[in-house]
Amino acid sequence: MGLWRKESCPCPAEPWTGIDTGKLKTVLLFPRAGLPASDEQDEVARTWDSNRSSWPMKLKLGLMMLRRCLTNSKASSSFTRLVLIRLDIYRKVPKDLTQPTYTGAVVSIICCVFMLFLFLSELKGFIATEIVNELYVDDPDKNSGGKIDVSLNISLPNLHCDLVGLDIQDEMGRHEVGHIDNSMKVPLNHGHGCRFEGEFTINKVPGNFHVSTHSATAQPQSPDMTHLIHKLAFGEKLQMQNVQGAFNALGGADRLVSNPLASHDYILKIVPTVYEDLSGKQRFSYQYTVANKEYVAYSHTGRIIPAIWYRYDLSPITVKYTEKRQPLYRFITTICAIIGGTFTVAGIIDSCIFTASEAWKKIQIGKMS
């Protein structure tokens, strides 16, 4: 089981990396059986036998071999094999020349478990999608025609549906009272209350929209504007599990126990948001921050006409979320680093333990003698 076996004896030295040079010489000089050696072959053979330790003569021998190999395909193949073998930097030690140890087996098991743990961790990170965010100044959705989609869902449990209306106005001169397109009113509390759901668009300029009784044919004496906001969102709906954003900051806002005659101001700062998935597809939405105040407002006639105001302005800063995944080359590089680093450190530890144990054995033998 040990990955680090100890050499029990030195390996025999061989100038030509363990290759049978006699057979190689026979192949190179006598490639075909029965072919008598030429004068050049005799010179090569004499040089080989008498100058095996002389590098200048080996160089001359190599040139003569190469010239001979170029004229014979079998000899050329053998010479190529010789050259390739000499390029091997991972020299093999015969298994019967190594010695397994118990400490090596323990270190090997720990090393494999550790590498498996790191590999699974890196694999999980490689498969997972990372969300990267950035900020820049620009209008991301230039194809929207300067419009922003709005979705509003609010309950007024003490105000009849005939009195509830939506008004929209902005700095471009838009002033719409009683907006009814793509809106729905659902009676609550046996008709005494109302749930208003609407989808509409606003211009990308400062303005406001408000829920009030301004569009009613007859104003009530004491309109009750206590309410519960279920949803207020801008732009596309984004399903992002790894992004914590204020896309529905007013969702769940409860003003049911407030002053019934009070007006409510929600001051919104809308932040353009872009989400780009792995395929490069972009979706446009908007986050917003909110501040609110509650007050009692009187008309010029002295009457109290409460309303729920949403005053908005757009931020010039755009937030962009981009899905990214770790590239394959980085994953492979990390795995190679894990394997190589673990083997190196484990090998050093095993070598230190083995050296220390051998030294201890020698000390004990010295004491006994």
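## The second largest pocket

For sorting the residues around a pocket, Ala, Val, Leu, Ile, Met, Phe, Trp, Tyr, Cys and Pro count as nonpolar, Asp, Glu, Lys and Arg as charged, and the others, Gly among them, as polar. By that scheme, the lining of the second largest pocket in this predicted model divides into 8 nonpolar, 5 polar and 5 charged residues.

The second largest pocket has a volume of about 280 Å³, and 18 residues line this pocket, with Lys231, Ala233, Glu236, Lys237 and Leu238 lying nearest its centre. Two or more lining residues come from each of strand E4 (147–156), strand E10 (228–235) and strand E12 (282–295), and of the contributing elements E10 gives the most, with 4 residues.

## Annotated transmembrane regions and helix H5

An unreviewed UniProt entry places the feature "transmembrane region" at residues 101–120 and 328–349. In the model, the chain over residues 101–120 is 95% helix and 0% strand, with its end C-alpha atoms 29 Å apart, while over residues 328–349 the chain is 100% helix and 0% strand, with its end C-alpha atoms 32 Å apart.

Helix H5 covers residues 102–127, which makes 26 residues, and reaches 38 Å from its first C-alpha to its last, close to the 38 Å expected at 1.5 Å a residue. The buried residues of H5 are Gly104, Ala105, Val107, Ser108, Cys111, Met115 and Phe126.

## The disulfide

The structure holds 1 disulfide, formed by Cys161 and Cys194, whose sulfur atoms lie 2.4 Å apart. This pair links distant parts of the chain, 33 residues apart, since Cys161 sits in the loop between E4 and strand E5 (165–170), whereas Cys194 belongs to strand E8 (residues 193–203). The link of Cys161 and Cys194 is right-handed, with 105° about the S-S bond, and both of these cysteines are buried.

## Other cysteines

Cys112 is in no disulfide, and the nearest cysteine sulfur, that of Cys111, is 5.4 Å away; a disulfide here requires a pair of cysteine sulfur atoms within 2.5 Å, so a separation of that kind does not qualify. Cys112 counts as partly exposed because its relative accessibility is 35%, whereas its neighbour in this comparison, Cys111, is among the buried residues of H5. Cys336, with a relative accessible area of 51%, is exposed, given that the cut-off for exposed is over 50%.

Conventions. Residues are numbered from 1 along each chain as its sequence is written. This is a predicted model: local features need pLDDT of at least 70, side-chain atom pairs count only at pLDDT 80 or more; totals for chains, interfaces and linings use all residues. Side-chain values use heavy atoms; hydrogens and water are left out. On a 1 Å grid over the protein atoms alone, a cavity is a set of points where a 1.4 Å probe fits but cannot get out, and a pocket is an open set with protein on both sides within 12 Å along at least five of seven lines; lining residues have an atom within 4 Å of a point. Grid points are joined across faces, edges and corners, and a volume is the space filled by probe spheres set on the points. UniProt positions are given in the numbering used here, feature names are shortened, and annotations may be inferred rather than shown by experiment. The expected span of a helix is 1.5 Å times one less than its number of residues. Buried means under 20% relative accessible area, exposed over 50%, partly exposed in between (1.4 Å probe, protein chains only).
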